[in-house]
Amino acid sequence: MNENIKGREPGERKERRGFASMSPEKQREIASKGGRAAHQKGTAHEWTSEEARSAGRKGGQISRGGRGRLVEPAGSASASPSGASADEGMTGGQ
């Protein structure tokens, strides 16, 4: 009887085939050949300083769980309606 993917039991691992079944070293070797070929052909992407800076900034914001996000504009819904900051409200007006 032929087993297909739909016939698998839940939680049963799928057999690794092709590129995924290769060792990380072998995968890296093949990928490296592709990169070199693209550069020789002239179709490889070359990062500018600004592109690299922007990508690094975005990655850093994501990896910090959003703690590096930009401050919201003053007119946004999360801004205090009275215009007072959260710190001022905690001092009790003293």
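Here are legends for a handful of close-up views of this predicted model.

**View 1. The whole chain, an all-helix layout.**
The protein chain has three helices and zero strands, so going along the sequence you just read α-α-α. Not much is tucked away here: of the 94 residues, 2% count as buried. The accessible surface adds up to about 8,900 Å², and carbon and sulfur atoms account for 53% of that.

**View 2. How far to trust each part.**
Before zooming in, a word on confidence. The mean pLDDT of the protein chain is 74, with 56% of its residues at 70 or more. Helix α1 comes out highest, at a mean of 93, while helix α3 (residues 86–90) comes out lowest, at 49. Over residues 85–89 the pLDDT drops below 50, and that stretch has one contact in the model beyond near neighbours in sequence.

**View 3. Helix α1 from end to end.**
Helix α1 covers residues 24–41, which makes 18 residues. At 1.5 Å a residue it should span 26 Å, and its end C-alpha atoms do sit 26 Å apart, so expectation and model agree. Just after α1 comes G42, with a positive phi of about 90°.

**View 4. The E29–K33 pair in α1.**
E29 and K33 form a salt bridge, one of two in the structure. Their closest N and O atoms are 3.8 Å apart. Why can these two meet? They are four residues apart in helix α1, so about one helical turn separates them. An α-helix has 3.6 residues a turn, so residues three or four places apart point the same way. E29 is partly exposed, because its relative accessible area of 38% lies between the 20% and 50% cut-offs.

**View 5. The R53–E50 pair in α2.**
Now for the salt bridge between R53 and E50, where the closest N and O atoms are 2.6 Å apart. The two residues are three places apart in helix α2, again about one helical turn. Side chains of opposite charge can pair when their charged atoms come close. Are the partners buried or exposed? Both land in between: R53 is partly exposed at 47% relative accessibility, and E50 is partly exposed at 44%.

**View 6. E51 at the start of a small contact network.** E51 belongs to helix α2, which runs over residues 49–63. Its side chain reaches the backbone nitrogen of T48 at 2.9 Å. Leaving aside residues up to four places away in sequence, E51 touches H45 and E46. With a relative accessible area of 32%, E51 is partly exposed.

**View 7. G35 and H45.**
G35 is found in helix α1 and is partly exposed, with a relative accessible area of 29%. How many ångströms separate the C-alpha atoms of G35 and H45? The answer is 9.7 Å, for two residues 10 places apart along the chain. H45 also turns up in the previous view, as a residue that E51 touches.

Note on methods: Residues are numbered from 1 along each chain as its sequence is written. This is a predicted model: local features need pLDDT of at least 70, side-chain atom pairs count only at pLDDT 80 or more; totals for chains, interfaces and linings use all residues. Side-chain values use heavy atoms; hydrogens and water are left out. Buried means under 20% relative accessible area, exposed over 50%, partly exposed in between (1.4 Å probe, protein chains only). Accessible areas come from the Shrake-Rupley method with a 1.4 Å probe; for residues, only the protein chains shown count as cover. The expected span of a helix is 1.5 Å times one less than its number of residues. Contact means heavy atoms within 4.5 Å. A polar contact is a pair of N or O atoms within 3.5 Å; within protein, one must be able to donate a hydrogen and the other to accept it, and residues adjacent in sequence count only if both atoms are side-chain atoms. A salt bridge is a side-chain nitrogen of Lys or Arg within 4 Å of a carboxyl oxygen of Asp or Glu. pLDDT is the predictor's confidence in each residue, from 0 to 100.
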